[in-house]
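Please look through the structure shown below with attention to its backbone, its bound molecules and a few individual side chains. The report that follows takes these topics in turn.

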Amino acid sequence: MSTTGKVIRCRAAILWKPGAPFSIEEVEVAPPKAKEVRVKIVATGFCGTEMKMLKSKTLHHDRYPIIMGHEGAGIVESVGEGVSTVKTGDKVITLFLPQCGECASCLNSEDNFCKQLKQSETNLMSDGTSRFTCKGKLVYHFGNTSTFSEYTVINEISVAKADAFAPLEKVCLISCGFSTGFGAAINTAKVTPGSTCAVFGLGGVGMSAIMGCKAAGAARIIGVDINKDKFEKAKEVGATECINPQDYEKPIQEVLFEMTGDGVDFCFEVIGNPETVAAALASCHESHGVCVIVGLTIGDQLNISGHLFLSGRSLKGSIFGGWKSRKDVPKLVSDYMAKKFNLDPLITHTLNLDKINEAVEFMKTGKCIRCILLL
Ligand code: COD
Ligand code: ZN
């Protein structure tokens, strides 16, 4: 029996208040309105950014209850009026960063920061309402996507079509972690062949940055993390050496200067910590070194000496690895299908959505790179 045009009752992981565990509830998901699609989520990764959100007391402006999740893949269940680029049955990747195709950023070939991203700051759909309710209460959306639900409603500009044969339990990582890290190296830093790189933070996004540095032909890739259990995997994906700042008396930037002579050509901060951003910048070659910030979020303040820039270093931000989401994600999925990169090393755990709080524990204890949740 078709569910088109009807409210769907399904399971979702709800966060009722800051600091609470996820609670699996039955939710109602309204049909998509104009220019929206309703997606049956098949798989979603649990990203480090969700951990940041769980810890933060200030993000979301107290918009609870909320359905989080922004690293998803699924199948279009139905589409709203005026949707022309996807149809029922299509496999799609959810996009926390939309691509409207019309704003100044979308029209600029060097820019991917679609102005419609602002929409997600309301935690509601464009008409100011939510498509979710639970126990009679409005439930807020998250990151334009809300993938911790069996069904979700997303703007057409926030989904990308995926190859019909793509394994959704793997390519969901193209929705955030893989693309964010890999693209930071390829597109934002534009890592050059033979260069020396350092990646601070060896989570799913940092590992993907290592893969990007390797694909770009870097000669040396130094992984930096306080959890040495990450080193084996980092080397598997391309790190040539790994160091733990806690093993040294001196600051890590001095260690990196000793290891490289002149500092690294490209450095990536994939932790989201203002202090490690400062250390990553200071680890770069004094004149041509480029440091890319992948972590950090609203409210994070940097304290960096202007002296570091005088000689020519640069510090750059990066969102979604610089990819134009709707245009580039289908190509990334095709590249995955053509075995141009491997996502398996990033997937350390796979759990049913019901076990989402175990995924939180794995992330907390540093045991996991990516935990894929199946819905
Ligand atoms: N020094 C070295 N390593 C550290 C330190 C430190 N002081 N502190 C933590 N680490 C390591 C951890 O041991 C861990 O291995 C790694 O840093 C972080 O990995 P994860 O698995 O927690 O995180 P990822 O890889 O999934 O995500 C990292 C981000 C940097 C993307 C995230 O934390 C973040 O800052 N997000 C905000 C930016 C954002 O919203 N981006 C868009 C969506 S992702
Ligand atoms: Zn993410």
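## Leucine 296 and other backbone features

In this predicted model, leucine 296 counts as partly exposed, because its relative accessibility is 22% and a residue counts as buried only under 20%. Leucine 296 is placed in the loop between strand S14 (290-293) and helix H9 (307-310), and it has a positive phi of about 70° although it is not a glycine. Most residues other than glycine have a negative phi, and most peptide bonds are trans.

Asparagine 123 also departs from that pattern, with a positive phi of about 60° although it is not a glycine. This asparagine lies in the loop between H2 and S6, where it counts as buried at 4% relative accessibility. A further backbone feature is the cis peptide bond that joins tyrosine 64 and proline 65, for which omega is about -5°; proline 65 has its place in the loop between H1 and S4.

## The zinc site

The zinc ion (ligand 2) has as its protein donors Cys47 through SG, His70 through NE2 and Cys176 through SG, at distances of 2.0 to 2.3 Å. The site has 4 donor atoms, and with angles of 88 to 127° among them it is tetrahedral. Along the chain, the donors follow the spacing C-x22-H-x105-C.

Histidine 70 lies in the loop between H1 and strand S4 (72-79), while cysteine 176 lies in the loop between helix H3 (168-171) and helix H4 (177-189), so this pair ties together parts that are 106 residues apart in sequence. Histidine 70 is buried, with a relative accessible area of 4%, and cysteine 176 is likewise buried, with a relative accessible area of 5%.

## The surroundings of ligand 1

Ligand 1 is surrounded by 25 residues, of which the closest are Gly48, Thr49, Asp225, Lys230 and Arg370. By class, this shell has 11 nonpolar, 10 polar and 4 charged residues. Helix H1 (48-55) and helix H5 (204-215) each supply at least two residues of the shell, and H1 gives the most, with 3 residues.

Several polar atoms of the protein can be placed against atoms of this ligand. A polar backbone atom of glycine 48 is 2.8 Å from an oxygen atom of ligand 1, and a polar side-chain atom of threonine 49 lies 2.8 Å from a nitrogen atom of ligand 1. In addition, a polar backbone atom of isoleucine 271 is 3.4 Å from an oxygen atom of the ligand. On its own, ligand 1 has 910 Å² of accessible area, and the protein covers 83% of it.

## Glutamate 25 and asparagine 108

Glutamate 25 is found in strand S2 (residues 23-29), and at 12% relative accessibility it counts as buried. The side chain of glutamate 25 makes a polar contact of 3.0 Å with the side chain of tryptophan 16, and another of 2.6 Å with the side chain of serine 23.

Asparagine 108 is found in the loop between helix H2 (104-107) and strand S6 (132-134), and at 35% relative accessibility it counts as partly exposed. Measuring from C-alpha to C-alpha, asparagine 108 and glycine 366 are 39 Å apart in space, and they are 258 residues apart in sequence.

How values were computed:
Residues numbered from 1 in each chain as written. Chains lettered and ligands numbered in written order. Predicted model: local features only at pLDDT ≥ 70, side-chain atom pairs only at ≥ 80, totals over all residues. Heavy atoms only, no water. Near = heavy atom within 4 Å. Polar contact = N/O pair within 3.5 Å; in protein donor to acceptor, adjacent residues only side chain to side chain. Areas by Shrake-Rupley, 256 points an atom, 1.4 Å probe, with all protein chains shown as cover. Nonpolar A, V, L, I, M, F, W, Y, C, P; charged D, E, K, R; others polar. Donors = N, O, S within 2.8 Å, 3.2 Å for Na, K, Ca; no water. Tetrahedral: all angles 85-135°; square planar, octahedral: opposite > 155°, others 65-115°. Buried < 20%, exposed > 50% of the residue type's maximum accessible area, 1.4 Å probe, protein only.
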